[in-house]
Every structure is written in structure tokens, then in C-alpha cells.
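Please open the model in your viewer with the sequence panel beside it, and keep a selection tool at hand. The stops below each begin with something to select and then say what is there.

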Amino acid sequence: MALPYSRTASPASALCASLLLALGSAGAAHAQEAESAQSKPAEEISFSADQLDYEFATDSVKATGNVIARRDGYTLRADTIVWDRRTGKVTASGNIRSVGPEGDVAYGDSIEVTESLRDGIVENMLLVLKDGSRLAANRGTRVDGRMTLEGAAYTPCAVERPDGCPKDPSWQVKAVRVVYDPVKKRVKYDGARIELFGLPVIPLPGLSHPAETAAGSGFLVPNLRFSRNNGVEIEQGYYWRLSDNRDLLLSGHIFSDVAPMAQARYRAWEDKGAFQITGYATYSNKVSTSGTGAIGKDVFRGYIDGAGKFQFTPNWSASASVRLATDRTFLRRYDISRDDRLRNNINVERIDANSYFAFNGWGVQTLRTGDRQALQPIALPEIDYRLRLTDPVLGGRVQLQANSLLIGRTSGQDTRRAFASGRWDLRTLTGLGQEVNFTLLGRGDVYHSDENLTTVTPIYRGESGWKGRGIAAAAIDMRWPFAGEAFGGTQVVTPRIQLVGAYTSSNLKMPNEDARAVDLEDSNLFALNRFPGYDRIEDNVRITYGLDWSVKGKETSFDFNIGQSYRLSNRATIFPDGTGLSNKVSDIVGRSEIRFRDFVKFAHRFRLDKDNLAIRRNEVDATVGSRSTYVQVGYLRLNRNIGATTEDLADREEVRLAGRLRLARYWSLFGSTIIDLTDKKEDPLNVSDGLEAIRHRLGLAYDDDCLSIAVTWRRDYQPTGDARRGNTFLFRLEFKNLGV
């Protein structure tokens with residue numbers, strides 16, 4: 001026997017014997033044909049089976065028992081495969097499994113394919129795609145790898161429960177005809193409709209979608225929303241996959257009460273980095289944030305948001321972010337963002353093992369009611385360079401720093417600053433186990449400012465013209481940990497004491513741009529300078545003492561610290577009243593954290609008045625529950641008796657609540673609220689009675705492996721311009737592989 005294609009046999013002895021028998025029985029009549037076939041390059045079909053028989057009468061080969069046939073990346077497995085050499089048809093039956101080069105697997109009761117194994121017909125077919133989604137059909141035809149299915153259904157949902165029992169998919173697409181193209185990796189439908197929980201709910205003419213987890217071009221599922229500001233909103237998007245590393249999303253927002261809005265988002269991933277840019281544009285009426293009425297009719301309104309970062313070499317990188325809005329209420333009006341400031345930044349950095357260089361530029365657009373945009377700072381450039389010497393000096397590490405900053409305003413104070421500093425740090429361990437850290441700091445500053453009187457808060461102005469300042473500081477910090485077993489775990493008690501001496505000349509003559517929001521906290525209690533930023537330096541001699549206590553168990557952990565400082569010098573302080581640092585003895589600050597498995601997370605930060613232990617800061621963040629059912633509580637109360645002239649440190653009180661309750665396997669109820677509890681006692685300018693709602697949210701959601709449905713109600717209580725208070729309803733429907 002001579003075959004038009006060569007074969008590679010399985011090493012199984014039964015198969016080898018049957019192959020030899022078939023070849024030996026072919027006779028001399030086929031010898032010339034065999035020589036002709038062997039003289040041509042032939043594509044190879046590989047067979048393996050328990051038994052292989054050749055039928056002379058029908059000129060066919062029959063393989064039985066764990067049969068596997070392979071060619072050009074196609075694999076066919078079955079209990080029995082019959083190859084009719086006269087027609088070139090290959091028929092398989094019994095436990096059929098056909099695998100394509102893309103990893104797609106087809107199952108069927110019977111299958112008839114050509115000898116190339118590419119084309120054929122499958123009865124009662126199930127096609128499992130590479131991403132795990134399924135296509136089932138009464139009949140399937142494959143031509144050149146392209147599958148056409150008649151009377152088909154598609155779903156990416158799991159059809160088995162974790163225990164192996166079958167289950168109905170939460171949604172599926174049924175169609176008269178389905179075409180699957182493995183080259184384009186796309187599924188197209190004729191006469192399609194979506195069945196949700198077994199009910200036909202959405203007809204989808206012309207539906208197509210990618211047949212893999214990677215995104216593909218096409219229309220997304222619409223979003224539906226209702227709000228008092230805009231009425232009914234329908235958002236329809238089209239996702240365009242430009243290439244493997246670029247995409248474009250175009251969306252239209254149609255409103256019942258206002259003009260439509262266009263949205264576009266472009267993303268790209270390049271060899272050196274990635275960037276994206278998003279824009280919104282519409283025409284509508286603008287309303288003054290002061291409540292004086294309309295300030296523009298049918299005017300252009302929009303917003304742009306872009307960000308990117310590029311890594312040019314292992315050391316050099318650059319990044320930028322841009323956020324700009326046409327007016328102060330656009331983002332809130334169209335429910336895009338609730339930020340009250342939009343920050344813009346450009347950054348170039350070089351980092352290696354011992355040095356750091358950064359070039360930064362900052363710009364701010366305020367969205368706050370009453371803030372003047374002309375007073376917002378533009379910081380360009382800020383240049384910072386740091387160098388850590390590789391060789392120790394007197395056993396310690398030395399770091400040098402040079403920094404310059406230029407801050408300008410279109411109508412307000414302008415400031416220029418430059419300084420150079422050197423810092424020496426030495427860490428040692430004594431024979432008794434104490435950790436001792438020594439620090440020395442020297443710095444020289446040069447400032448220039450003008451239009452200082454335009455700064456509202458006097459303590460931030462400084463003096464106009466050129467000013468210089470010298471800074472010297474030294475610190476000794478000692479910790480002494482004691483460890484042992486306690487409460488079924490390991491306990492560590494660590495007393496800590498620090499002595500700091502610092503001197504600076506002409507401190508208040510310098511403008512204060514970056515050291516305003518000062519407040520004594522557990523995080524800065526032992527800092528060398530408890531002012532944030534560089535413009536203010538704490539200049540006195542002080543001793544700070546505290547205690548750290550931690551207990552670590554198998555499932556539970558507890559951390560606690562507390563501390564206070566005492567100023568030894570009589571030099572007048574530059575800290576404002578109410579910050580906890582304005583007197584010789586500071587307030588008492590601390591923090592406690594408790595964790596139990598992943599079920600309980602509790603953190604509490606506090607500040608107590610040194611004289612009467614009144615609570616000046618009380619902050620709680622707690623989460624109790626699992627991922628599916630939990631409660632989150634956040635509470636903050638600042639009662640520091642700070643004067644109204646120090647606007648960066650205003651007192652406030654608020655509570656934040658959020659939670660999710662799992663009602664069933666896939667159903668859950670969720671909600672959140674923010675309530676302002678600030679009253680006139682904490683803020684004399686506040687007109688509230690101390691119980692004012694900010695925003696509530698309540699929703700019902702269904703989430704499984706391939707479907708997400710949510711209905712959300714939100715109410716806003718704070719009107720600003722044309723962003724009025726009122727209700728918003730959002731309906732969200734997401735199908736896996738069909739867009740969001």
C-alpha cells in the first residue's frame with residue numbers, strides 16, 4: 001500500500017504490527033506510486049492508536065482505540081477514525097475532541113473532516129475557545145479554519161459549579177447563525193439575542209465580539225443614569241483597538257435635559273513608557289458659584305485629563321500629568337470628579353544608588369468656591385539634587401543636597417528660594433541592645449519675594465526682598481527594645497528618647513509656601529523638623545520621649561505608641577496656637593492598631609491636650625468583615641482652638657460609613673454616607689447645626705464570574721453653581737467579553 005501522505009507511527013507495538021501488515025499487503029501494484037510520493041516533499045500526518053487496519057476493498061485505513069491524528073497544528077482525538085483514501089474524507093466517532101492551532105477545542109457526536117484535518121462538519125458540536133468561553137450548536141462547519149455554526153449559543157460563563165454539578169449560565173447569546181474566525185479571533189452573529197437568567201431580554205442585531213480576553217474593537221454596553229442636574233443619561237461607547245499597544249474609546253452622552261456631551265480617551269504603550277489622555281466637551285449654560293445667576297448661555301464647557309511616564313534609561317525617567325477644566329463646576333455637574341483642585345505636573349528624574357536629581361514643575365487650578373485663581377501658585381522650576389557619599393565620614397553616612405524653587409502667581413506673592421545642606425547620620429548598637437542614632441544638619445538658605453502683602457495670612461508672608469538664613473541642628477535618638485512572650489505571642493516594648501538642638505536665624509522673615517499645614521501627630525513626633533516642607537525650621541532645644549508597644553500572635557497583632565516633647569529653651573516658638581507645639585510642653589499624641597486575621601482592621605490616632613487631656617484630635621478608621629460582607633467606619637474630629645486667620649488648619653468633624661451585605665451567593669447590598677458634624681464651636685464661620693449630610697449612596701448588585709448588574713441611588717446635599725443638590729440613579733450592566 002502507498003499513501004499520498006507520509007505517516008509517523010506511535011511506538012506502541014500493536015500499531016507498529018498493523019502498519020507493517022498494511023504496508024506489506026499493499027502489493028507491488030502500488031510500488032511505483034509509493035516511489036512517486038516519496039520523491040515529493042509531503043506534509044506529515046502523525047497517527048497513534050491501539051490498532052490500525054487497512055481495508056483493500058474500500059482502500060481505507062481504520063484506527064481504533066485512543067486514536068490521535070495530527071497535522072499542521074490540528075489534532076483530532078476519537079475512539080475510532082476512518083480514512084477513506086479514495087474521497088479523502090476522515091470520519092471520527094466516539095469521545096471526539098478536535099483541537100485547532102489557536103487552542104480552540106471542538107467536541108461532537110460525530111465529525112467528518114478532510115484529510116488536511118482543517119475542514120469538515122460536526123454534528124451536535126461544542127466549541128470551547130481559548131479563553132474558556134463556549135459555543136454550542138446543532139451543526140458546525142469548518143472551512144479553512146473558519147467555523148460556521150447553525151442554531152448556536154455562546155456564553156463565557158461557567159457551566160459547572162465548584163462541586164462539579166452542572167448549572168445554567170447567567171447569560172448567553174443565542175443566534176440563528178454564528179461565525180467564529182480563529183485568525184481574527186472574533187465571533188459574529190446573525191439573529192442574535194441575549195438571554196438573561198433564561199429570559200430573552202435584549203435583541204442584538206449585527207453583534208460581534210472578540211473571542212479572547214484581549215480587547216477587540218466594537219460597541220460597548222450602554223450605561224444608563226438619571227440625575228437632577230441632567231435628567232436621563234445614556235452613555236454609548238465605541239472601543240477601537242488601533243494596534244496591540246494603542247486604543248481609542250469614543251463615547252457619546254445623551255441627556256434628556258441638556259445638550260449631548262462627547263468623550264474620548266486615547267491610550268498608548270510605547271517601548272519607553274505609556275501615556276493616556278481623556279477629554280470631555282459639550283455646550284451648556286454656566287451658573288455662577290456665588291449664586292448670582294447665569295454667567296454664560298450655551299457656552300463651551302469641557303475637561304482634559306492626561307498622564308504619562310517614560311523610562312529612557314535605567315536611571316533617567318520623565319512623567320507628566322495635565323488636568324484642566326473650563327470652569328469650577330463642570331466636573332461635579334456631569335459627575336466626572338469631586339476634586340476641589342486640579343494639579344498639573346511635569347517631572348524629570350535621575351536615580352542611581354547614591355544620587356538623586358529631579359526637575360519639577362507644578363500648576364494648580366482651583367475649583368473651590370471663593371478661591372481666587374490668580375492667587376494659586378505656579379511652581380516652575382523646582383530643582384532638587386541629593387548625593388550620598390560612598391565613603392563613611394567618622395563612621396556615618398553623609399548626604400549633600402541642593403534645592404531651588406521659583407513660585408509665581410498671576411496676581412499675588414512671588415517667591416524664589418535656594419538652599420544647600422549637608423547631613424550626617426550614624427546608627428550604632430550598644431552592648432545592652434540599645435539602638436542609638438546621631439544626626440548633624442547644616443543648611444544655608446537664600447530667599448527673594450515681592451508683593452508679600454497680597455498673602456492673606458500674615459504669618460505666611462515673610463519680608464520682601466532678599467533674605468538669608470543659616471540653619472544648624474543636632475539630634476541623638478535612642479530606642480531600647482525589650483522582647484518576650486506574652487498573650488500567646490511575641491511582645492516588644494520599646495522606650496524611646498530623643499534630644500534635638502536646632503538654631504536658625506531670621507526664621508519668620510522667610511516666606512512660608514510649603515510648611516503651612518503643621519500639626520503634631522504620631523508620624524512627626526520624633527522628626528528632626530516637625531514643620532512640613534523647607535520654609536520653616538523648628539529652632540529650639542527639646543527632648544522628646546515616648547513608648548512603642550507591639551504584640552504579634554498567630555492571628556492577631558496589636559501596635560501602640562504614645563509620646564510627648566518638652567522644649568528646654570526659652571526662645572519664642574514660631575508654631576501657631578492650637579498645633580500642639582506652641583507651649584514648652586507639647587500635647588500628647590499616639591496611635592493604636594489592631595488586626596485580627598483579615599477580618600478586623602482598626603486604627604486610632606489621637607492628640608490630647610497637655611493641660612486637661614481634652615481630645616484635640618480623634619481619628620478612627622475601622623473595617624470589620626470579609627470581602628463580601630463588611631462595615632467600614634471613619635471618624636475625624638479636630639478641635640484644636642486654632643484662630644480663623646490660619647486657614648490651612650481649620651477644625652472640623654465628620655463621620656464616614658460604608659458597608660456591603662451579602663444577601664445570597666451573588667447578590668449584595670452596599671452603601672456609604674458622609675456626614676459633616678462640624679458646628680460653630682469648632683468653626684465659628686460654620687452656619688450648620690453640626691449635623692449636615694454631604695452625600696449618601698445605596699445600591700443593589702449582582703456579580704458572578706461573567707455578569708455584573710448594579711442599581712445605585714446617590715443623593716448630594718451640597719450645591720455649587722449649576723451642580724445642584726438632588727438624586728442620581730445609575731444602572732450598570734456588564735457582560736464579560738461584550739464590553740462595559
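Begin by selecting C157 and C706 and showing their side chains as sticks: the torsion about their S-S bond is about 90 degrees, so the disulfide is right-handed. This is a predicted model, and in it the two sulfur atoms lie 1.8 Å apart. A search of the whole structure finds one disulfide, and it is this bond between C157 and C706. The two cysteines come from distant parts of the chain, 549 residues apart, with C157 in the loop between β10 (146–155) and β11, and C706 in the loop between β41 (692–703) and β42 (707–716). Are C157 and C706 buried or exposed? C157 has a relative accessible area of 1%, which is under the 20% limit, and is therefore buried, while C706, at 3%, counts as buried too. For another cysteine, select C165, which at 38% relative accessible area is partly exposed.

Next, keep the disulfide on display and add W171. Leaving out residues up to four places away in sequence, W171 touches Y154, T155, P156, C157, E195, L196, C706, L707, F735, K736 and L738, a list that includes both cysteines of the disulfide. In soluble globular proteins, nonpolar side chains tend to be buried together. Which residues of the largest nonpolar core touch the most other members? They are W171, Y189 and F735, in a core of 49 residues. Strand β11 (residues 171–181) supplies the largest share of this core, with five residues. A second core, separate from the one just described, has 11 residues, among them F255, M261, A325 and L367.

Now zoom out to the whole chain and colour by secondary structure, where three helices and 43 strands should appear. If you switch to colouring by burial, buried residues make up 42% of the 740 residues. A contact map is also worth drawing here, since among contacts between residues at least 6 apart in sequence, 47% join residues at least 24 apart. The accessible surface of the chain comes to about 37900 Å², and 57% of that area belongs to carbon and sulfur atoms.

For the interior space, select N229, R332, R714, D716 and T728, the residues nearest the centre of the largest cavity among the 19 that line it. About 150 Å³ of space lies in this cavity, and the structure holds five cavities of 30 Å³ or more. At least two lining residues of the largest cavity come from each of β17 (223–227), α3 (330–333), β42 and β43 (726–735). Which of these elements gives the most to the lining? It is β43, with three residues.

Move on to I574, in the loop between β34 (556–567) and β35 (588–596). Although placed in a loop, I574 is buried, with a relative accessible area of 17%. Beyond its neighbours within four places in sequence, I574 is in contact with N507, L508, F531, R536 and I537. If you add E538, you can check a C-alpha separation of 7.5 Å between I574 and E538, which are 36 residues apart along the chain.

Then select L663, in the loop between β39 (652–662) and β40 (667–676). Not counting residues up to four places away in sequence, L663 touches S668, L669 and L700. From L663 to L700 the C-alpha distance is 9.7 Å, across 37 residues of sequence.

The last stops concern the backbone. Most residues other than glycine have a negative phi, and most peptide bonds are trans. Select N66 in strand β4 (residues 60–71), where phi is near 50 degrees, a positive value in a residue other than glycine; N66 is exposed, with a relative accessible area of 58%. S506, in the loop between β32 (489–504) and β33 (541–552), likewise has a positive phi, of about 55 degrees, without being a glycine, and at 29% relative accessible area S506 is partly exposed. Finish at L380 and P381, which are joined by a cis peptide bond with omega about 0 degrees; P381 sits in strand β26 (residues 378–388).

Terms used
Residues are numbered from 1 along each chain as its sequence is written. This is a predicted model: local features need pLDDT of at least 70, side-chain atom pairs count only at pLDDT 80 or more; totals for chains, interfaces and linings use all residues. Side-chain values use heavy atoms; hydrogens and water are left out. Helices (H or I, at least four residues) and strands (E, at least two) are DSSP runs, numbered from the N terminus. Buried means under 20% relative accessible area, exposed over 50%, partly exposed in between (1.4 Å probe, protein chains only). Contact means heavy atoms within 4.5 Å. A nonpolar core is a set of buried Ala, Val, Leu, Ile, Met, Phe, Trp, Tyr and Cys residues joined through side-chain atoms within 4.5 Å. A disulfide is a pair of cysteine sulfur atoms within 2.5 Å. Accessible areas come from the Shrake-Rupley method with a 1.4 Å probe; for residues, only the protein chains shown count as cover. On a 1 Å grid over the protein atoms alone, a cavity is a set of points where a 1.4 Å probe fits but cannot get out, and a pocket is an open set with protein on both sides within 12 Å along at least five of seven lines; lining residues have an atom within 4 Å of a point. Grid points are joined across faces, edges and corners, and a volume is the space filled by probe spheres set on the points.
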